[in-house]
Structures are given as structure tokens and as C-alpha cells.
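Hi,

Here is the structure I promised to pass on to you. Have a look at it first, and then read on for what turned up when I went through it.

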Amino acid sequence: MLALILCACTPEKTELTDAELMEKAKELAHKYIMVDGHVDLPYRMQVGGFTLRRGALDVSVRTDGGNFDFPRTKEGGLDAPFMSIYIPARYQRTGGAAELADSLISMTERLTQKWPDKFAMAYSPDDVERNFSKGLISLPMGMENGAPVENDIAKVEHFFKRGVRYITLTHGRDNKICDSSYDTTRTHGGLSDYGKQVVSEMNRLGIMVDISHVSDDTFWQVMDLAKAPAIASHSSARKFTPGFERNMNDDMIKKLGEEDGVIMINFGSSFLDSAYRARKSKYDEHVINWLADNELTRDDPKARSYLKEYTKNNDPWANVATVADHIDHVVAITGGTDNVGFGSDFDGVGDSLPTGLKDVSQYPNLIFELLKRGYTEEDIAKICYKNVFRVWRAVEKVAANS
Ligand SMILES: [Zn+2]
């Protein structure tokens, strides 16, 4: 069934050698704009102790930690990572969500002020295209958690004016807008009445509705209500993680596609493969025991070479093919390549990234895998940016007409 559907929309497998395909993958990664729906750099800066007063993390040069910086972004061909303005759910209790969002936005702006030859703000697909033609990395912004607007509808416009172009309605807990996939309380049974107002206000202004993190009921109610297509900025297919509501089931993927939306696949291994956690704890246990038995630390050269070899044979992480399986699945469910994109969650999922997709320099590995599976150049362009641009422009259009 899957093979039949795939055959209908992708051509025969390529004749190129792997080396030629890899060259092609790198070429396409740089030829086309590449958008990523979710990169947690602002959060990484915040937990790293960087504040408005204490300056910015220098991502203009290669950084030791994290998954994102300018050199690696250029290497991987990434052009427009949505910077996640992430508001942890505890701010719903303590207050201060809007203040935190404002400061994370200012920290993002600071990157473009400090390194204007490398980074630029982007508030529309047109901005991204302009920046791309100048070789600049665009930093569009999405707000992860509607908590900053949960008490005051006027705040939606405030954050639109500050440049936020999508809002993930909630995060790990139910908020006043809607229920979360991670929260069993089910406070509203989906969207609250206020949440409905927020969605309408987002449509009016031109902010994309992001249904990552929301409960299934919330998703379906957003589909009923929204006047413009929606995105899932960083979600994967539940088929591979049964029972994990944070990912989208087949009916939801189909509906999102019918409404012209896009699901941007999360690269975190636990989003990709439900067996990952068990494999990883077994792996960690073995490593810890081996180090203890040999009285070595991880940094010891002998331990390093052992770990390298052991990891090669017992790799617990998902890999590039697993991510491509999710993309294949969305293609099969929606009947084409119009409704899928990348939403890595780089800088947000710690040590759980797939082998071959450990940072922003490695997107070509994924493009290689897609080419190998018979995806065309046009398919790749759609997945890299055309799909999410279509949604973004549709959202702009609904706003312009309202
Ligand atoms: Zn998230």
C-alpha cells in the first residue's frame, strides 16, 4: 500500500552513485532556501546564563556545545531557522511569561544587531528571500507556548508587532488557551472560549497557528475554527510512537494536509522511534558500568576509543533513515510532498538527536537519503521551504483580507 502510493508521486530510484548523490544533496541544500520550523537557540542562550545585560552567546563562530551556530548553519545550507521563543509552563503559575518572551525576542534581535553581516530578522517569506539573496541567515521567530498572551488578548498584537510569526498554543501543561498533549487534566476539552478568540486574533493579524504540543481535541477544534492553514512546527508521526500524543496520528496528518497545512518533522529520537528510550538506557547502563569497571572517565583516550567502537555497534539513537521514514509516511498519508517539512528541535532535545543529524551542518545527509529514495529536486525544494512558505503566505493573505 505504502509502496503503491509512493510510486504514484515519486519517480524511479536514481542511477547516481552514493558519492554523486551526496554531492547533489549538498548542492540542493545550498541552492534552495531551507527553513527549519523549530530551533531552540534563545532557550540555549538563556540556560547558558546569557541575558540582555550579559551579552549574547557568540554563535557567529563555531561553538563547542549546542547544535547551532553560523559556520555550521552555512555548512548545512540552513537559511531560516525559526527561533523558538520558549516559555516554560511554570510561568503560567508564577507570571512573567510576557516579560520572558519580550526578553528572548530582544536577545534574538541582538544577534542580528551584533553580527549584521551574518544574521537578519525576517517577518515574512519575502524577508527570508531577500536575506537569502544576500547570504544572510534569517531569524524568524515562533513563540512556543501561548502563555504570554493567555491573560490579555491585546498581547497577541503586541507580539505580532515584535515579530512573532507563529504561536504554539501551549507547551507541557494546559494553559488558558487550550489543553496540552502532555497534560492529562484536560482542563477545557480542547480549546477554551478564550483560546478560540486567540486563534481568530492570530488569523486576523497573520500569525501562524502551531499545533505542536496541543492535545488531539485542541487540534481538531483548531481545524474547525481556523480561517488559514496551520503548521506543526516540530512534530513527528505517531505511527512510529504509538500512544505518544505529542506526535500526530494518521487522521490528523491527513486533515492537516487537506487544510493545506504542513507538519515539520521533529528529529529528536524519542519523537521518531518508541524503542529509542529503552535502547538508550541499556546503552547508558553499559557505558557507566564499563567506565566503573575500568576505572576510567569518558575523556580518557582509552575510554574514548572503546566508546567509539561500542557506539558504532550498539548505536541507540535513531538515524537519518528513521527521519526519512517519517517523511515517507506523511507523503503516503497526504498523497504527495506538499505537506511536510523539517522541524528539527535543534538545541532543544539534548543528546537525543539521530546519528547523522546531530547538528545544523548535517541536513545534506537527510537530503541524500531522500534523493536515494527517489524524491525529486522539486520534492526537496518543497520540503525545504516551499511548503511552509505556502502556508505562511496563505496566513498573510487571510490577514490582509480581514
Ligand atoms: Zn517543543
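**Cavity, pocket, zinc and a helix**

The largest cavity has a volume of about 50 Å³. Please keep in mind throughout that this is a predicted model. The structure holds one cavity of 30 Å³ or more. Its wall includes Ile211, Ser212, Val214 and Ser215, along with Phe219 and Ser235. Glu245, Arg246, Asn247, Met248 and Met252 also line the cavity. Sorted by class, the cavity lining comes to five nonpolar, four polar and two charged residues.

Next, the open space. About 200 Å³ lies in the largest pocket. There are 13 residues in the pocket lining, and Glu144, His171, His213, Asp345 and Gly348 are the ones nearest the centre. By class, the pocket lining divides into five nonpolar, four polar and four charged residues.

Two of those names will catch your eye again at the metal site. Which residues coordinate the zinc ion? They are Glu144, through OE, and His213 and His234, each through NE2, at 2.0 to 2.2 Å. Along the chain, the donors of the zinc ion follow the spacing E-x68-H-x20-H. The two histidines link distant parts of the chain and are 21 residues apart. His213 belongs to the loop between strand S7 (208-210) and helix H10 (216-225), while His234 sits in the loop between strand S8 (231-232) and helix H11 (250-258). Both His213 and His234 are buried.

Finally, a helix you may enjoy looking at: H15, which covers residues 320-334. From first C-alpha to last, the 15 residues of H15 reach 21 Å, close to the 21 Å expected at 1.5 Å a residue. Is H15 mostly covered or mostly open? Mostly covered: eleven of its 15 residues are buried. Among the buried residues of H15 are Val320, Thr322, Val323 and Ala324 towards one end, and Val330, Val331 and Ala332 further along. His326, Ile327, Asp328 and His329 are buried too.

Both ends of H15 have a detail to show. At the start, a side-chain oxygen of Asn319 comes to within 3.0 Å of the backbone nitrogen of Ala321. Just after the helix, Gly335 takes a positive phi of about 80°.

If you open the model with one view in mind, I would begin at the zinc ion, with Glu144, His213 and His234 around it, and then turn to the pocket, where Glu144 and His213 are among the residues nearest the centre.

Happy browsing, and all the best

How values were computed:
Residues are numbered from 1 along each chain as its sequence is written. This is a predicted model: local features need pLDDT of at least 70, side-chain atom pairs count only at pLDDT 80 or more; totals for chains, interfaces and linings use all residues. Side-chain values use heavy atoms; hydrogens and water are left out. Helices (H or I, at least four residues) and strands (E, at least two) are DSSP runs, numbered from the N terminus. The expected span of a helix is 1.5 Å times one less than its number of residues. Buried means under 20% relative accessible area, exposed over 50%, partly exposed in between (1.4 Å probe, protein chains only). A polar contact is a pair of N or O atoms within 3.5 Å; within protein, one must be able to donate a hydrogen and the other to accept it, and residues adjacent in sequence count only if both atoms are side-chain atoms. On a 1 Å grid over the protein atoms alone, a cavity is a set of points where a 1.4 Å probe fits but cannot get out, and a pocket is an open set with protein on both sides within 12 Å along at least five of seven lines; lining residues have an atom within 4 Å of a point. Grid points are joined across faces, edges and corners, and a volume is the space filled by probe spheres set on the points. Ala, Val, Leu, Ile, Met, Phe, Trp, Tyr, Cys and Pro count as nonpolar, Asp, Glu, Lys and Arg as charged, and the others, Gly among them, as polar. Donors are N, O and S atoms within 2.8 Å of the metal (3.2 Å for Na, K and Ca); water is not among the atoms, so sites may look incomplete.
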